[in-house]
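User: I'd like to learn how to read a model like this one, feature by feature. Could you walk me through it?

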Amino acid sequence: MAKLTVNEYSQKLQEMKVEAHNKQWLYIEVNAKELMNAMEPGEKNINNVCKAIYDALLEGDRILVKPTTKTGMGVGLTVRYYVDNLSESRKKYDGEVF
């Protein structure tokens, strides 16, 4: 089976954000390893997962756990996405990622 793409992970993250927004939650927390295991049990695809997680960051979102690897990619990556405002006008995260 082919590994999932960054785009497929990005789509899942967007679905998760919209679902949480519709439930009127303030935020969701996403861990790279948990997301990968939920979408691809038994696969090792952490780089694509992390790229999608970083790409989905918007202004105000927070990186809670940043892996200590040189690339910033790793199973420990955990972010908090604020879902109270999903407006397309919301700016991308401007903090340093790597």
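User: Where is Asp61 found, and is Asp61 buried or exposed?

Analyst: Asp61 is found in the loop between H3 and S2; helices (H or I, at least four residues) and strands (E, at least two) are DSSP runs, numbered from the N terminus. A word on the ground rules: this is a predicted model, where local features need pLDDT of at least 70, side-chain atom pairs count only at pLDDT 80 or more, and totals for chains, interfaces and linings use all residues. Residues are numbered from 1 along each chain as its sequence is written, and side-chain values use heavy atoms, with hydrogens and water left out. For burial, the scale is relative accessible area with a 1.4 Å probe and protein chains only: buried is under 20%, exposed over 50%, and partly exposed in between. Asp61 has a relative accessible area of 0%, so Asp61 counts as buried.

User: Which residues is Asp61 in contact with?

Analyst: Contact means heavy atoms within 4.5 Å. Leaving aside neighbours within four places in sequence, Asp61 is in contact with Lys17, Ala56, Arg80, Tyr81, Tyr82, Arg90 and Tyr93. You can also check a C-alpha separation: Asp61 and Val79 are 18 residues apart along the chain, and their C-alpha atoms are separated by 7.5 Å.

User: How do I read the sheet, and in what order do the strands come?

Analyst: Start with the pairing rule: two strands pair if DSSP finds at least two bridges between them. Here three strands form an open antiparallel sheet in the order S1-S3-S2. S1 and S2 are the edge strands, each pairing on one side only. From one strand to the next, the twist averages 25 degrees. S1 (residues 27-31) pairs with S3 (residues 78-82) over five bridges, with Ile28 opposite Tyr81 and Val30 opposite Val79 as bridge partners. On the other side, S2 (residues 62-65) pairs with S3 over three bridges, and there Arg62 has Arg80 as its bridge partner.

User: What should I check in a helix such as H1?

Analyst: Check its length, then its burial. The expected span is 1.5 Å times one less than the number of residues. The 17 residues of H1 (residues 6-22) should span 24 Å, and the end C-alpha atoms are 24 Å apart, so the two agree. Tyr9, Ser10, Leu13, Lys17 and Ala20 of H1 are buried. Seen down the axis, the buried residues of H1 fall within an arc of 105 degrees (taken from the directions from the helix axis to the C-beta atoms), so they line one face of the helix. They pack against S1, H2 (32-39), H3 (46-55) and S3. Just after H1 comes Gln24, with a positive phi near 65 degrees.

User: How is the packing of H1 and H2 described?

Analyst: Two packed helices are described by the angle between their axes and the distance between the axes. Axes are lines fitted to C-alpha atoms, for helices over the stretch in contact, and angles run from 0 to 180 degrees between N-to-C directions. The axes of H1 and H2 come within 12 Å and cross at roughly 105 degrees. That makes H1 roughly perpendicular to H2, a label for angles of 65 to 115 degrees. Glu8, Tyr9, Lys12, Leu13 and Met16 of H1 make the contact with Leu35, Met36 and Met39 of H2.

Terms used. Parallel < 35°, antiparallel > 145°, perpendicular 65-115°, else oblique.
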